[in-house]
Amino acid sequence: MDLGTHLEARLDALTEPADGTAPWRPELYTPADPEQHSALAELLERGAVISVRDTLTEQLAELLTARRPDWRPDSGELASAVADHLGGMRLASYGTWVWYPWSRQLVHVLPPAEYRELRQSRNRYKITAAEQRLLAQKTLAVIGLSVGAASAVTLAQEGVGNRFRLADFDSLSLSNINRLRASVAEIGLPKVVIAARQMYEIDPYLDIAVWPDGLAEENVDAFLAGGGRTDLLVEECDDLYLKIHARERARALGIPVVMETNERGMLDVERFDREPGRPLLHGLLDGVAAADVKAMSTREKVPYVLRILGQDEPSERFVPSLVEIGSTLSSWPQLASGVALGAALVTDTARRLLLGRFTASGRYVVDPDDLIRAGTQVPVNAPVPAPEPVPEATPAALLLPDPGSDTLGEEGIRRLVAHAIRAPSGGNSQPWQFTAYGDALDCRIDAAQPATLLDFERSATHLAIGAAVENIHLAAQASGWACHARVFPDPADPGLVCRLDFSRAAHAPRPALFDWIERRTTNRDPGPDRPLAEAHAAALTDCATENGTRLHLVTDRAQLDKAGRILGAGDRLRMLSPQLHRDMMNELRWSPEEARRTRDGLDVATLGLDDVDLAGVRMARHWSNLAFIRRIGGGAAFEEGARKAVAASSAIGCLTVPGTEPRAYVHGGRALQRLWLTATSLGLGLQPLSSLLYLFARAERGDGAGLDASETDTLRTLRTRFTAVVPRRPDEAELLLFRLSYAAPPAVRSLRRTVEAVLRFDRTRPQGGA
């Protein structure tokens, strides 16, 4: 026997048919169905399967953890969760077994809905869940499976479409592999078969129909609209007649067309669904119809091909390629990089078009030669180092008025105001201005300060000025002067909050709280895990009561956890509200230079952020980065900071005062300052967490002015939850919500504007309110 003949016979018997009969569609078996269970058993019995891939346990585990990104189960918890998900069903009976006849592999996958959920989970939030569901309802048709094959596979991979129609008469040749994702084992197979196989290996639940004999005049309509009109045509064929005829039929059927030419990243979009009278190919053919080119020779078609390409400015190597076809080149040259770029452009454009986010027609060029060359580099922002602390004003600036002088004089007033500006204010806004008239001082609202949503009815401003007044009172008393304050002395001048008159005090004792003015600061350090001492709680409560306010302290761990979650939800609201976000970002000072220039606001170096959190704050600085998160209802990560801060606290406190009028807030500001100084004297760090209180006031007393309906509704829900933790009285104003800890004093403090910037002297004694 001739061994060569025998070997050839054996090889011929095993050779796969290289035509349209080659298998390209997988077979799906659902073992939970008795009939399909039997069919799967029969498949195994006849020896058709040469390998089995069963990773369903891993798929289920990944599915369950993907649904709960914050869940960190150990192996036992995860195995238990998988068992619960199966609900008693045997693992082999769950989901689908997929038989790929061309590779003779049997693969176990999740059922359709779960398979798509997990496979597309990494798309979020570039593609939302709602958008993915919408895209899964779309049908896409692709003509030409050279450039088009990469587009079809990428569309399937990204989840853009679920039903596909593929048409190409050609088979794979070795020279095609310079740009097609295929193997030498597939040479001779129809390109539609290769593309369909690749797409099914990505998603076995796709619905794909193939036209391995290509398209002709008589079957274009069936391709585009048979069984339901396609939603988008991706046209990538070389035949000029079919290129035009397919567009004519797409225009008649109202189907948009996308084409990428693999030359200079050129993409054409024709929205025949929106423009039924639009000229084909942007009018480049000057009215030439498919029928006109049907009988043309290849040479006669060249001018029309050049019109379509519009190559007035061809790429450097376009003309040589065109000239050399038929001489040193047998066909039109294409590169894998160009095909990959084309697939990306087609897929991205198709996704936005099908979702209604891209409505234009036209020609677009994404030319790497043009975009990436010498001279087109964009600035690269080097990593931003953590800001260096900005030095605080020297203690020497906090001198007391001369105790031996009979008058305060301008220098004495300056020294009192130097103490005043050490008072706290929301966002370190320092909303005060002072005018001195001899030994009297007016405390006014700084009219240059912009109004913010948190400063409802200027209540936060009045609170801050009240705290500044208390500092002046303590400093005056410590230097032997009595300070008499008249709140809102002139009804005709609402910007005048308080008028202070000073007189010599006989043997006034030095107030103990005065010594803590310079040390009082916001302390954001979490502190040690230590409960609030009962003696300290009593001292703070007594301080509030003695000054006409009420303090509610929360120390129970379960209640603290509830409070942290409420405050976290408030932070999320604040971050994802356009106006609140703008106000918050305007408070921050992003560099030492900016902090020194303004000497107000919150220096980011004082926030105590690590590199990761600081990077997150910088990323969230621009509203454009957050608008999409708001639209999809995201942003849960914005809740973590408050929740963790409260969880690390020794207690949280809420200070309230009777009444809600401006006078109540000024009085409350004085009491607040004494409370804060008391906490400092006890070694307690205090961090305000009050933004939610002032949003509650806006929602309740201001009917949500400046907020949209959804934000107001959220605040009302949070108010109910908050009141369950911190009870309130209807006749009270909530002044300050804060956390307490036994943290060491912070190393960095925000700057204050200079005394000269906030104080002026006027020799004329004002008459109003005298």
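Visitor: Which residue stands opposite glutamine 105 in strand 4?

Guide: Tyrosine 100 stands opposite glutamine 105, where strands are DSSP runs of E with at least two residues, helices are runs of H or I with at least four, and both are numbered from the N terminus. Before we go on, note that this is a predicted model, in which local features need pLDDT of at least 70 and side-chain atom pairs count only at pLDDT 80 or more, while totals for chains, interfaces and linings use all residues. Residues are numbered from 1 along each chain as its sequence is written, and side-chain values use heavy atoms, with hydrogens and water left out.

Visitor: In which sense does strand 4 pair with strand 2, and in which sense with strand 3?

Guide: Two strands pair if DSSP finds at least two bridges between them. Strand 2 (residues 51-54) runs parallel to strand 4 over 4 bridges, and within that pairing serine 51 has glutamine 105 as its bridge partner. Strand 3 (residues 96-100) pairs with strand 4 in the antiparallel sense over 5 bridges, so when reading the sheet it helps to recall that side chains in a regular strand alternate between its two faces.

Visitor: How many of the residues of strand 4 are buried?

Guide: Buried means under 20% relative accessible area, exposed over 50%, and partly exposed in between, with a 1.4 Å probe and protein chains only. In strand 4 (residues 105-109), 4 of the 5 residues are buried, and therefore the strand is largely enclosed by the rest of the structure.

Visitor: What joins strand 3 to strand 4, and which residue there has a positive phi?

Guide: The two strands form a hairpin with 4 residues between them, and arginine 104 in the turn has a positive phi of about 60°, although arginine 104 is not a glycine. With a relative accessible area of 37%, arginine 104 is partly exposed. Another residue to inspect in this way is glutamate 457, whose phi is near 55°, again a positive value in a residue other than glycine. Glutamate 457 lies in the loop between strand 13 (440-445) and helix 17 (459-478), and at 52% relative accessible area glutamate 457 is exposed.

Visitor: Which residues touch the most other members of the largest nonpolar core?

Guide: A nonpolar core is a set of buried Ala, Val, Leu, Ile, Met, Phe, Trp, Tyr and Cys residues joined through side-chain atoms within 4.5 Å. The largest core here has 60 residues, and Phe164, Leu166, Met199, Ile208 and Leu232 touch the most other members. Helix 8 (191-202) supplies the largest share of this core, 8 residues. A second, separate core of 52 residues includes Leu540, Leu672, Ala733 and Leu736.

Visitor: With which residues is leucine 232 in contact, leaving aside its neighbours within four places in sequence?

Guide: Contact means heavy atoms within 4.5 Å. On that basis the partners of leucine 232 beyond four places in sequence include Thr139, Leu140, Ala141, Ile255, Pro256, Val257 and Val258, together with Ala350, Leu353 and Leu354. Leucine 399, in the loop between helix 15 (368-371) and helix 16 (409-420), is in contact with Arg415 and His419 when the same neighbours in sequence are left aside. Leucine 399 counts as partly exposed at 41% relative accessibility, and its C-alpha atom is separated by 96 Å from that of aspartate 292, 107 residues apart along the chain.

Visitor: How many salt bridges does a search of the whole structure find?

Guide: Side chains of opposite charge can pair when their charged atoms come close. A salt bridge is a side-chain nitrogen of Lys or Arg within 4 Å of a carboxyl oxygen of Asp or Glu, and the search finds 43 of them. In one, arginine 444 meets aspartate 493, with the closest N and O atoms 2.9 Å apart. Because arginine 444 lies in strand 13 and aspartate 493 in the loop between strand 14 (481-487) and strand 15 (496-504), this pair ties together parts that are 49 residues apart in sequence.

Visitor: Is glutamate 711 buried or exposed?

Guide: Glutamate 711 counts as buried, at 3% relative accessibility, and its side chain meets that of arginine 630 in a salt bridge (3.0 Å, N to O). Arginine 630, in contrast, counts as partly exposed at 29%. Elsewhere, Glu158, Asp348, Arg351 and Arg352 are linked in a network of salt bridges.
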